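Visitor: I would like to learn how to read charged pairs, buried side chains and empty spaces in a structure. Could you take me through them one at a time?

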Amino acid sequence: MSIFKARVKEFEDILTGPQDFIDLKQLRKLAFNGVPDVQSFRALSWKLLLGYLGPRRSSWTTTLAQKRALYKQFIEELVLPPGHESNGGGVDGGDGDKVDSGGVGLQDHPLSEGPESAWNTFFNDNEFLLQIDKDVRRLCPDISFFQQPTDYPCEIVVHSKGEHGRRLHERVVPAVLSSANVERKGLGMTKQQINLITKRSVENYAAMEEGQEAHWEVVQRILFIYAKLNPGQGYVQGMNEIVGPIYYVMASDPDLSYRAHAEADCFFCFTALMSEIRDFFIKTLDDAEGGIKFMMARLSNMLKSKDPSIYELLRSQELHPQYYSFRWLTLLLSQEFPLPDVLRIWDSVFADEQRFDFLIKICCSMILIQRDAILENDFASNVKLLQNYPPIDINVVIAHAGSLA
C-alpha cells in the first residue's frame, strides 16, 4: 500500500468508521501532517478542529440542522430589506403591527431618520459594506473559483422579484473612501498596516444576473452578517482573506449534501476561528497576549534565538517585523502562498493544540530558509523578498518549521 493510500485509510478509519466518538487527539495528529485532498476529509476535519462539530458523531445531524436554520434566520433578519415579506408576511409583534422576521414594523418608512429606524440602519450599513464589496471582488485572484457561479445560491436573495437591496452589492453606493474608513479609530488597522495588508490589486469580479450568484457574493454575505453580529469589531480589511479559504473548502466538498450548506457551515467555522484571532484585528488589544504586537515579538525572539546573524542584520537595517510579519500573522499566511499551499498550512495550524505556536515557527522558517539571500541583500531587497515571498515547495517550509524546537 502506498503512503498516500495508507494516509487516506487512516482518515477513513477515524472520520467514517463505525465508532460514534471521534478521537480528536488522533485527528489532530493526522491532520497536522496534512489532510488528503479526497472525499470530505478536509472540510470535515476543519469543522471538528475548529469546534463547529463536536466529537460525538451522533450529535452532528442536530447541530448542523440547528446552526443552518439559525443562519437562515440571520439572512432574513440582517440581509433582507426592512419590510420584506418572509414566512407568510410577518408575525404579530404584540402591538397590532405586523413585524417581519427582523422585528421591523412594516409601517417603518424608508425616509424615517430616527435612530431606531430599520431603514436608517439599512442605509448606514453602506459604510462597511463598501469596504467588504471592494475586498471580496478581489479574493484569491490566482484562481477563478470565486468568480464562478455557485450551484447553491441563496434563493430568498437571488430571486428578488425586482426588490432592490436583497443582493448586497446592489446596495453599495460608490464613494471615495474617507480616511475614517481606513484608519483604526481604536478598532481595525492603522493606515500603515492597511498598506502592508493589501497586497493584491486586480480587476473587480462581476456580479451574476438575477437567479444566480458568484461565490464572492456568498462570501460578501457571510462577512456582512459577521460584521452586523459583531458591532464592536465590525468588518476589518483582511477578514476576507481569512474567510476565503474556509469557504473554498466547504464549497468544494465532494459530498453535495454538505456543499449545499457551504455558506452556513463556513460562517460558523469562520466565526469560531475569528474568536481565536480577533485580537489580531483590534487595536486596543495589540499588546495583549493574543494581540498582533505580542505575536510579532514572539516571532522576533524566536528568530533571535535561532539565527542571531539574521536578527541583527534586519535590526541594523531597521527592517522591523511589522513590515512583513504583520500580514503573515494576521492573515495566517493566506496572502503569501497559492491557495493549495495555504490549505496545507492551515491543516497544521488548525491541528496544532497550541494553535499559533506552529504558525510562528512557519514564519520563522520562511526567514531562515532565505538566510543566504537576506544576509547579502540591502534593506530594499530584503523588504521586497519578505513582502513578496519567492515560490517554494510548501512542504520544505513545513518540514523546516517542524524541526524548530
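Guide: Let us start with a charged pair in this predicted model: Asp265 forms a salt bridge with Lys47, and the closest N and O atoms of the two are 3.5 Å apart. Asp265 belongs to helix α14 (residues 262-277) and Lys47 to helix α3 (residues 41-49), so the pair ties together parts that are 218 residues apart in sequence.

Visitor: Are the two partners buried or exposed?

Guide: The cut-off to keep in mind is that a residue counts as buried under 20% relative accessible area. Asp265 has 0% relative accessibility and therefore counts as buried, and Lys47, at 1%, counts as buried too.

Visitor: Which arginine forms a salt bridge with Asp265?

Guide: Asp265 forms a salt bridge with Arg68, where the closest N and O atoms are 2.8 Å apart. This pair links distant parts of the chain, since Asp265 sits in helix α14 and Arg68 in helix α4 (residues 60-79), 197 residues away. With a relative accessibility of 16%, Arg68 counts as buried.

Visitor: How many salt bridges are there in total, and what does one look like elsewhere?

Guide: The count comes to 17 salt bridges. Another example is Arg371 with Asp307, whose closest N and O atoms lie 2.5 Å apart. Arg371 is in helix α20 (residues 371-376), while Asp307 is in the loop between α15 (292-306) and α16 (308-316), so the pair ties together parts that are 64 residues apart in sequence. Here the partners are placed as follows: Arg371 is partly exposed, with a relative accessible area of 30%, whereas Asp307 is buried at 8%. Salt bridges can also share partners, and in this way Asp37, Arg42 and Asp347 are joined into one network.

Visitor: What should I look for when a buried acidic residue such as Asp253 has no salt bridge?

Guide: One begins with the nearest opposite charge and then turns to the polar atoms around the side chain. For Asp253, which is buried, the nearest side chain of opposite charge is Lys47, 4.5 Å away; a salt bridge requires the nitrogen and the carboxyl oxygen to be within 4 Å, so this pair does not qualify. The side chain of Asp253 does, however, make a polar contact of 2.4 Å with the side chain of Ser40, and one of its polar atoms lies 2.9 Å from the backbone nitrogen of Asp255.

Visitor: Where does Asp253 lie in the fold, and which residues beyond its sequence neighbours does it contact?

Guide: Asp253 lies in the loop between α12 (239-251) and α13 (256-259). Leaving aside neighbours within four places in sequence, Asp253 is in contact with Ser40, Ala43, Lys47, Tyr258 and Arg259. Ser252 is placed in that loop between α12 and α13 as well, but Ser252 is partly exposed, with a relative accessible area of 28%. The side chain of Ser252 reaches the backbone oxygen of Tyr248 at 2.6 Å. Outside its neighbours within four places, Ser252 is in contact with Phe145 and Arg259; Ser252 and Phe145 are 107 residues apart in sequence, and their C-alpha atoms are 9.7 Å apart in space.

Visitor: How do I read the empty spaces?

Guide: Rolling a probe the size of a water molecule over the atoms shows where empty space is left. In this structure the count comes to two cavities of 30 Å³ or more, and the largest cavity holds about 60 Å³ of space. Its lining includes Val79, Val157, Arg166, His169 and Glu217. Both α8 (168-171) and α11 (215-229) supply at least two residues of that lining, and α11 gives the most, with three residues.

Visitor: What lines the second largest pocket?

Guide: The second largest pocket has about 500 Å³ of space and is lined by 25 residues, of which Tyr152, Pro153, Ala260, His261 and Glu263 lie nearest its centre. The elements giving two or more residues to this lining are α4, α7 (155-158), α11, α12 and α14, and the largest share, five residues, comes from α4.

Visitor: What does the chain look like as a whole?

Guide: The secondary structure of the protein chain comes to 22 helices and two strands, and buried residues make up 51% of its 405 residues. Of the contacts with a separation of 6 or more, 74% are between residues 24 or more positions apart.

Conventions. Residues numbered from 1 in each chain as written. Predicted model: local features only at pLDDT ≥ 70, side-chain atom pairs only at ≥ 80, totals over all residues. Heavy atoms only, no water. Helix = DSSP H or I, 4+ residues; strand = E, 2+ residues; numbered from the N terminus. Buried < 20%, exposed > 50% of the residue type's maximum accessible area, 1.4 Å probe, protein only. Lys, Arg positive; Asp, Glu negative; His and termini not counted. Polar contact = N/O pair within 3.5 Å; in protein donor to acceptor, adjacent residues only side chain to side chain. Contact = heavy atoms within 4.5 Å. 1 Å grid on protein atoms, 1.4 Å probe; cavity = no way out; pocket = protein on both sides within 12 Å on 5 of 7 lines; lining within 4 Å. Points joined across faces, edges and corners; volume = space filled by probe spheres on them.
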